[in-house]
Amino acid sequence: EQAEAALESAYQNFIIARAVMSESTLAEALMIPQQSVAVKVKNRNIMSVNVPVFDFQKEEGSGDIYPYGTAFTSGELDSAMNSFSDAMEPLLRLAESEKTAQLLAQEIERTRRRVNALENVMIPNYQETIKFIAMKLEENERASTTRLMKVKDMVLKKTIEEKRKQDEAAHA
């Protein structure tokens with residue numbers, strides 16, 4: 001809202017300046033910029049996402065913002081130039097906010113896809129694997145129990161036969 005208000009004011013002032021001045025005078029006045037500006041971009045980490053931080057700086061040694069002499073231009077043009085200069089900072093903040101929102105939205109989308117993959121593919125696969133392993137372990141346990149019972153029966157039969165042979169040997 002702040003950026004829109006600043007731009008609206010700047011455009012209104014510029015339209016008034018265009019109405020007061022001729023096209024050729026206006027074009028000539030704005031042909032060569034007087035002041036240089038720079039934007040330094042740094043990164044900031046928000047929830048493991050690197051987002052930009054813009055820093056607006058006017059270049060050292062670059063005079064005022066008016067690229068023209070004031071003798072042949074109107075005061076409305078001065079007002080428009082001031083308004084455009086004032087609009088730079090809110091526009092930069094808006095660009096920073098939009099880029100941050102875009103990068104965070106991309107990361108949220110990526111995370112959402114990962115969560116969906118986990119919920120719909122990986123977790124069901126792991127649950128199936130757990131179920132399969134549990135069934136195999138139960139089957140192995142039943143087989144071991146059956147084997148132990150057979151071994152016990154074989155040992156019991158052998159013991160009974162030995163006992164019979166001892167009884168027969170003792171009665172004979």
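## Exercises on salt bridges and a buried proline

**Exercise 1.** Which residue does Glu109 form a salt bridge with, and where do the two sit?

Start with the pair itself: Glu109 is bridged to Arg113, and their closest N and O atoms are 3.7 Å apart. Keep in mind that this is a predicted model. Next, look at the spacing: the two are four residues apart in helix H3, so about one helical turn separates Glu109 from Arg113. Finally, check accessibility: Glu109 is partly exposed at 31%, and Arg113 is partly exposed too, at 48%.

**Exercise 2.** Take Glu96: is this residue buried or exposed, and what salt bridge does Glu96 form?

First, the accessibility. Buried means under 20% relative accessible area. Glu96 has 13%, so Glu96 is buried. Now the partner: Glu96 pairs up with Arg93, with 2.6 Å between the closest N and O atoms. Both belong to helix H3 (residues 75-171) and are three residues apart, about one turn. Arg93, at 32%, is partly exposed. Last step: widen the view, and you'll find Glu89, Arg93 and Glu96 linked in a salt-bridge network.

**Exercise 3.** Find Pro52: which strand holds this residue, and which residues does Pro52 touch?

Begin with the strand: Pro52 lies in S2, which covers residues 49-58. With a relative accessibility of 8%, Pro52 is buried. Then list the contacts, skipping residues up to four places away in sequence: Val41, Lys42, Asn43, Glu96, Lys99, Thr100 and Leu103. To finish, pick Thr100: this residue is 48 residues from Pro52 along the chain, yet their C-alpha atoms are separated by 6.8 Å.

Note on methods. Residues are numbered from 1 along each chain as its sequence is written. This is a predicted model: local features need pLDDT of at least 70, side-chain atom pairs count only at pLDDT 80 or more; totals for chains, interfaces and linings use all residues. Side-chain values use heavy atoms; hydrogens and water are left out. Buried means under 20% relative accessible area, exposed over 50%, partly exposed in between (1.4 Å probe, protein chains only). Contact means heavy atoms within 4.5 Å. A salt bridge is a side-chain nitrogen of Lys or Arg within 4 Å of a carboxyl oxygen of Asp or Glu.
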